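Me: Got a minute to go through a model with me? I'll put it up here, and then I have a few questions.

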Amino acid sequence: MGVVGYAPGVYDMFHIGHLNILRRAREHCDHLIAGVVEDDVVTRIKGRPPVVPQDERMEVVSAIGIVDEVVSDWSSDKFELWKQLRYDVLFKGDDWKGTEKGLRLEKLLGEVGARVHYFPYTASTSSTDLRRLLEGTL
């Protein structure tokens, strides 16, 4: 199968930042898996549910034709997903780089021969900003 890549995300209100990560990830692996974070995990992490339900977010990510596989991401700990998927490289936005969470993940993945590959975060568009716009708070 070659290099297996994993690109986890909420992918709520799919936008150019999501597309950028998936396009870039596609260039760095032979088999790309997108993990769409489950609604309850999003709610626990962000304190509110996503705007678009998980099954619809998974369908959108699958339909764009960039990824080979879409899975349900059931944990905020991406090393737990490694245990299930055995990916070689995890793709994240560089907003994780240098953070406690990012450094921990780099260490754990390094111990099993996998790595984290960071891409520039698309600052011009975010789901948080889109949500604020919809709620009239932006």
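**A stacked pair and its surroundings**

Reply: Sure, starting with Phe79 and Trp82: they sit three residues apart in helix α4, so about one helical turn separates them. Keep in mind that this is a predicted model.

Me: OK, and how are the rings of Phe79 and Trp82 arranged?
Reply: As background, two numbers describe a pair of aromatic rings: the distance of the centres and the angle of the planes. For Phe79 and Trp82 the centres are 5.5 Å apart and the planes are at 5°, so this pair counts as stacked. The cut-off for stacked is planes under 30 degrees apart.

Me: How many aromatic pairs does the structure hold?
Reply: Four aromatic pairs.

Me: Are Phe79 and Trp82 buried or exposed?
Reply: Phe79 is buried, and Trp82 is buried as well.

Me: Which helix packs with α4, and at what angle?
Reply: That's α5, residues 100-111, packing with α4, residues 78-85. The angle is about 25°, and the axes are 10 Å apart. That makes the two helices, α4 and α5, roughly parallel, because angles under 35 degrees count that way.

Me: What's the handedness of the crossing?
Reply: The crossing of α4 and α5 is right-handed.

Me: And which residues make the contact?
Reply: From α4 you have Lys78, Phe79 and Trp82, and from α5 Leu105, Leu108 and Leu109. By type, the residues of the α4 and α5 contact come to five nonpolar, one charged and no polar.

Me: What else touches Phe79 and Trp82, say from the loop after α5?
Reply: Val112 does: setting aside its neighbours within four places in sequence, Val112 is in contact with Phe79 and Trp82. Val112 lies in the loop between α5 and β5, the latter being 115-119.

Me: How accessible is Val112?
Reply: Val112 has 36% relative accessibility, so it counts as partly exposed. Also, Val112 and Arg86 are 9.2 Å apart C-alpha to C-alpha, with their positions 26 residues apart in sequence.

Me: Switching topic, where is Val41, and what does it touch?
Reply: Val41 is in helix α2, which covers residues 39-46. Leaving aside neighbours within four places in sequence, Val41 is in contact with Asp73, Trp74, Ser75 and Ser76. For Ser75, the C-alpha to C-alpha distance from Val41 is 6.7 Å, although the two are 34 residues apart in sequence.

Me: Is Val41 buried or exposed?
Reply: With 1% relative accessibility, Val41 counts as buried.

Me: Now backbone stuff. Which residues other than glycine have a positive phi?
Reply: Tyr11 is one of them, with phi near 55°, and Met13 is another, with phi near 50°. Tyr11 is in the loop between β1 (4-9) and α1 (16-26), and Met13 is found in the loop between β1 and α1 too.

Me: How accessible are those two?
Reply: Tyr11 has a relative accessible area of 4%, so it's buried. Met13 is buried with 14%. The cut-off for buried is under 20%.

Me: Last one, what does the whole protein look like in terms of elements?
Reply: Six helices and five strands. From the N terminus on, they run β-α-β-α-α-β-α-β-α-β-α. The protein has 138 residues, 46% of which count as buried. And of the contacts between residues at least 6 apart in sequence, 74% join residues at least 24 apart.

Terms used
Residues numbered from 1 in each chain as written. Predicted model: local features only at pLDDT ≥ 70, side-chain atom pairs only at ≥ 80, totals over all residues. Heavy atoms only, no water. Axes fitted to C-alpha atoms, helices over the stretch in contact; angles between N-to-C directions. Helix = DSSP H or I, 4+ residues; strand = E, 2+ residues; numbered from the N terminus. Parallel < 35°, antiparallel > 145°, perpendicular 65-115°, else oblique. Left-handed = near helix turned anticlockwise from the far one by under 90°. Contact = heavy atoms within 4.5 Å. Nonpolar A, V, L, I, M, F, W, Y, C, P; charged D, E, K, R; others polar. Phe/Tyr/Trp six-rings, centres within 6.5 Å; stacked < 30°, edge-to-face > 60°. Buried < 20%, exposed > 50% of the residue type's maximum accessible area, 1.4 Å probe, protein only.
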